[in-house]
Amino acid sequence: MSHVSERQVVVIESHDLPLHCSGADTDAWNGHPHVFLPIQSHGKIECPYCGTIYQLNGEAKHH
């Protein structure tokens with residue numbers, strides 16, 4: 001029997017950039033190290049610490 005964990009997907013817009021994660025569902029003191037994520041226009045990226053997936057709806061201009 002295998003266990004498949006569901007990963008949280010967070011949809012962001014251009015005004016939310018630059019994208020950073022310190023743990024999507026944790027308090028600031030209880031999260032992982034603050035990491036900036038280089039997302040592409042209309043793309044997705046996964047946080048290497050917590051596995052949260054971010055989806056950008058829009059252009060990533062100058063970020």
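## A histidine that reaches for the backbone

Let's start with a small detail. A polar atom in the side chain of histidine 32 lies 3.0 Å from the backbone nitrogen of glycine 23. The model you are looking at is a predicted one, and every distance here is computed from it.

Where should you look for histidine 32? This residue is in the loop between β2 (20-21) and β3 (35-36). Although histidine 32 belongs to a loop, its relative accessibility is 16%, so it counts as buried. Leaving out residues up to four places away in sequence, histidine 32 touches Cys21, Ser22, Gly23, Cys47, Tyr49 and Cys50. Keep the three cysteines of that list in mind, namely Cys21, Cys47 and Cys50; they come back below.

## The chain as a whole

Now step back and follow the chain. It has five strands and zero helices, so the pattern along the sequence reads β-β-β-β-β. Of its 63 residues, 29% count as buried. Take the contacts between residues at least 6 apart in sequence: 39% of these join residues at least 24 apart.

## A sheet of three strands

Which strands make up the open sheet, and in what order? The order is β1-β5-β4, and the pairing is mixed. At the edges stand β1 (9-12) and β4 (44-46); each has a single partner strand, so one side of each is left without a neighbour in the sheet. On average, neighbouring strands of this sheet are turned by 20° against each other, direction ignored.

The mixed pairing becomes clear when you take the pairs one by one. β1 and β5 pair in the parallel sense over four bridges, whereas β4 and β5 (residues 53-56) pair in the antiparallel sense over three bridges. Tyrosine 54 in β5 is the bridge partner of valine 10, and tyrosine 54 is also the bridge partner of isoleucine 45. Next to it in β5, glutamine 55 is the bridge partner of lysine 44.

β4 and β5 also form a hairpin, with six residues between them. In its turn, glycine 51 has a positive phi of about 85°.

## Two faces of β5 and a nonpolar core

Which side chains of β5 are buried? Tyr54 and Leu56 point to one face and are buried, while Ile53 and Gln55 point to the other and are not. Tyr54 and Leu56 are both members of the largest nonpolar core, which has 12 residues. Others in this core include Ile12, Leu17, Val35, Ile45 and Cys47. In soluble globular proteins, nonpolar side chains tend to be buried together.

## Cysteines without disulfides

How many disulfides does the structure hold? The number is zero. Cysteine 47 is in no disulfide, and the nearest cysteine sulfur, that of cysteine 50, is 3.8 Å away. For cysteine 50, the closest cysteine sulfur is in cysteine 21, and the separation of 3.8 Å is too far for a bond.

Cysteine 47 has a relative accessibility of 1%, so it counts as buried. Cysteine 50, at 36%, counts as partly exposed. Not counting residues up to four places away in sequence, cysteine 21 touches several residues, among them His32, Cys47, Cys50 and Tyr54.

## After the last strand

Asparagine 57 lies in the segment after β5. Its relative accessibility is 34%, so asparagine 57 counts as partly exposed. The side chain of asparagine 57 makes a polar contact of 3.2 Å with the side chain of glutamine 55. Beyond its neighbours within four places in sequence, asparagine 57 is in contact with Val11, Ile12, Glu13, Ser14 and His42. The C-alpha atoms of asparagine 57 and glycine 43 are separated by 7.5 Å, and these residues are 14 apart along the chain.

## Backbone details in two loops

Is histidine 42, which asparagine 57 contacts, buried or exposed? With 54% relative accessibility, histidine 42 counts as exposed. Histidine 42 sits in the loop between β3 and β4, and its phi is near 55°, a positive value in a residue other than glycine.

The other detail is at proline 18, in the loop between β1 and β2. A cis peptide bond joins leucine 17 to proline 18, with omega about 5°. Leucine 17 is also one of the residues of the largest nonpolar core.

Methods: Residues are numbered from 1 along each chain as its sequence is written. This is a predicted model: local features need pLDDT of at least 70, side-chain atom pairs count only at pLDDT 80 or more; totals for chains, interfaces and linings use all residues. Side-chain values use heavy atoms; hydrogens and water are left out. Buried means under 20% relative accessible area, exposed over 50%, partly exposed in between (1.4 Å probe, protein chains only). A polar contact is a pair of N or O atoms within 3.5 Å; within protein, one must be able to donate a hydrogen and the other to accept it, and residues adjacent in sequence count only if both atoms are side-chain atoms. Contact means heavy atoms within 4.5 Å. Two strands pair if DSSP finds at least two bridges between them. Axes are lines fitted to C-alpha atoms, for helices over the stretch in contact, and angles run from 0 to 180 degrees between N-to-C directions. A nonpolar core is a set of buried Ala, Val, Leu, Ile, Met, Phe, Trp, Tyr and Cys residues joined through side-chain atoms within 4.5 Å. A disulfide is a pair of cysteine sulfur atoms within 2.5 Å.
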